[in-house]
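The following paragraphs lead through a protein model, from the overall architecture of its chains to selected local environments. The sequence and the coordinates should be consulted alongside the text.

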Amino acid sequence: MKLLRAELLKIWTTSTWWVFGIVTLVLWALTTGINWLTASATLDVDTTGMDAETAEQVRVAGEAVNVATNLYTSGQFFGVLMVMLLTAILSTSEYFHQTATTTFLLTPRRETVVLAKLGAGVVFGLLFWVITTVLNLIVTPLILSSLDVGAQLGEGAVWRAILLNGLAYGIWAILGVGAGILIRSQLAATITLSLIYVIGFLGAAIIFQLIGDRFGDWFQNLQVLIPGLASQLMVSGTELPGNPPRWVGAAVLIVYALVAGIVGTIITKKRDIT
Amino acid sequence: MTARSGEIVVSHLTKQYKQLRAVDDLSFTVQPGRVTGFLGPNGAGKTTTLRMMLGLVTPSSGNALFGGVAYKDLDEPIKHVGALLEASGAHKGRTGRNHLRVIATAAGLPASAADEALARVGLTPAAKRKFKGYSLGMKQRLGIAAALLGNPQVLILDEPANGLDPEGIRWMRDLLKALAVQGRTVLVSSHLLAEMQQLADDVVIIAAGKLIRQGPVGEVLGSMGGGAVVRVRTPRPADLAAALTAATGHVTTLPDEALSVTGLDPARIGHIAFTSGIELHELTGEKADLEQVFLQLTAGKADIR
Ligand SMILES: Nc1ncnc2c1ncn2[C@@H]1O[C@H](COP(=O)(O)OP(=O)(O)O)[C@@H](O)[C@H]1O
Ligand SMILES: [Mg+2]
């Protein structure tokens, strides 16, 4: 507990957290704006589709839930990236600023230091989640009502997506701590993680789009192994046809986080601090 | 576990890097109530030894015990051992006070401990300034404050005088002496012999990772020719070197043709030159640099590494 408090104090006493916080808010506003446009487009198409009857109306209702979950979890794509970078810096800055010596003098049992960092990382991940979620809960009903759709807050799927979104933020925080240990250089870690996240996400999406069909459904389902796609899957509203179930997305991310955490701990224990 | 005393016992400590044996079967003891100088030329293995003692670098073999307990096994180690090592920095964007508060929090000490430690090293006026704005001397003081935070029985400092001005060095010397007088164990490394002559009660001297000598400072320095180095320039270096060597001086020729002499003081050298009728262009008593003394001690025994 003492160590967790110390790690949190480390974050509070530098400017990193609020810089990342502001960047996250700006990106959240952008994403939400884009989601708004997408939502109105999606809903427009559906409501103007007059050709069908009851079946179609059910589909539209389902669509509204999905549109709503997308809006209520808005900001996740960049939010978890920022959380990952922030928690990676939690590890890399110990070497960058040469505070690792002091840290491990204080706590020679290094695995507890890693645990404290994971804990502090999760606290911050959840903080970012709480803030973006509160903003989404304020803004989304306004957007939906401007599109003549109800707030959808009675829907279980919406709340489940919001909670799973929190899980995603927590897991990405753990991934960040682990990645920061693996890539010791601050600059290298920041650049590598951002590139892998964004390019990996887009690249994978494109590749699966282009060649996925040739191999069939089982290959399409491998998409979930890409961390960014996995966390998106977690927050999809209802089961989408042709996609693996949501829990698979969570399981994939948890496995990544466990591997990052365990490998990070082992490396930290073995490394000479010079 | 808690340490039973302030004694430090280092036994057969060895660190083998890929090609280099940085520390080689090194054993020595450090007593409470005294300042012990840990001396050796650059690259001798001082830093590696201290880091192994503190559990930061894993030894290839051997161990170091603080009152019978390894550092890693101490409960709340900074309350027994305080350390200031090279390359132990603070976050550039964090204030000095917050740096100490992080340490205090991790050690379960109240935030007021941070302010007391700052006052102790005279940094209170700079408490709310960021670390990146600190001078080298202020950074060293902050490091000392961190080392003293837990009110430890044992203090370990790696080249603490590096980058300090003469005023700062005197301050450090007085502080370390006062801490030893209080009965604490003080182990301080340096590559400068002169610095240690005024500070240390005992010395441990290493070269190339091996123990050269250990004991009270007077005894050890006496056996090393007093440690002082005199620089002499003359148009007839060969003749003077022969005369000085005959008078039990130890002479080496420096790259600029000057002679570097140990074992004789400037007055004696001047007298020898006078009686031999040799003209002198320069006669300077230099600060004893352990590295020079070492070069001379080990001259002829080359290949120490
Ligand atoms: N991580 C390392 N890998 C390889 N060699 C090292 C490492 N750290 C130190 N050394 C070498 O070990 C020797 C002792 O270094 P050090 O303990 O820093 O000496 P000192 O502090 O006495 O100047 C030096 O030759 C140095 O180059
Ligand atoms: Mg050194």
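Which pattern does chain A follow when read along the sequence? In this predicted model, chain A reads α-α-α-α-α-α-α-α-α-α-α, with 11 helices and zero strands. Of the 274 residues in chain A, buried ones make up 51%. Contacts that are distant in sequence are frequent: among those in chain A between residues at least 6 apart, 80% join residues at least 24 apart. The accessible surface of chain A amounts to about 12800 Å², and carbon and sulfur atoms account for 73% of that surface.

Chain B combines both kinds of secondary structure, with 10 helices and 13 strands. Its C-alpha atoms fill a box of roughly 70 × 45 × 35 Å along the principal axes. Chain B has 305 residues, of which 52% count as buried. For contacts in chain B between residues at least 6 apart in sequence, the share joining residues at least 24 apart is 70%. About 13100 Å² of chain B is exposed, and carbon and sulfur atoms supply 53% of this area. Chain B carries 33 positive and 28 negative charges, and the mean positions of the two sets are 9 Å apart.

The next subject is the interface between the chains. The size of an interface is often given as the accessible area lost when the parts come together. Here chain A and chain B bury about 2600 Å² between them, with 58% of that area on carbon and sulfur atoms. H97(A), L105(A) and L106(A) supply 23% of the area that chain A buries against chain B, more than any other three residues. In terms of contacts, 26 residues of chain A meet 32 residues of chain B. The two chains are also linked by two salt bridges. D272(A) forms a salt bridge with K15(B), in which the closest N and O atoms are 3.0 Å apart.

Helix α2 of chain B, residues 96-106, is mostly covered, with nine of its 11 residues buried. Among these buried residues are H99(B), L100(B), V102(B) and I103(B). What do the buried residues of α2(B) pack against? Their partners come from both chains: α1 (2-12) and α5 (100-106) of chain A, together with α3 (111-120) and α4 (136-148) of chain B. After α2(B) comes G108(B), whose phi is positive, near 75°.

Further along chain B, F131(B) lies in the loop between α3 and α4. Is F131(B) buried or exposed? Its relative accessible area is 7%, which is under the 20% cut-off, so F131(B) counts as buried. The residues that F131(B) touches, leaving aside those up to four places away in sequence, include G89(B), A90(B), H91(B), K92(B) and R94(B), as well as K139(B) and L142(B). H91(B) is 40 residues from F131(B) along the chain, yet their C-alpha atoms are separated by 6.8 Å.

A second local environment is that of T36(B), found in strand β3 (residues 35-39) of chain B. T36(B) is buried because its relative accessible area, 2%, falls under 20%. With residues up to four places away in sequence not counted, T36(B) touches V30(B) and Q31(B), and also V186(B), L187(B), V188(B), D202(B) and V204(B).

Definitions and conventions: Residues are numbered from 1 along each chain as its sequence is written. Chains are lettered from A and ligands numbered from 1 in the order in which they are written. This is a predicted model: local features need pLDDT of at least 70, side-chain atom pairs count only at pLDDT 80 or more; totals for chains, interfaces and linings use all residues. Side-chain values use heavy atoms; hydrogens and water are left out. Helices (H or I, at least four residues) and strands (E, at least two) are DSSP runs, numbered from the N terminus. Buried means under 20% relative accessible area, exposed over 50%, partly exposed in between (1.4 Å probe, protein chains only). Contact means heavy atoms within 4.5 Å. Accessible areas come from the Shrake-Rupley method with a 1.4 Å probe; for residues, only the protein chains shown count as cover. Lys and Arg count as positive and Asp and Glu as negative; His and the chain ends are not counted. The place of a charge is taken as NZ of Lys, CZ of Arg, CG of Asp or CD of Glu. Buried area is the accessible area (1.4 Å probe) that two parts lose on being put together, summed over both. A salt bridge is a side-chain nitrogen of Lys or Arg within 4 Å of a carboxyl oxygen of Asp or Glu.
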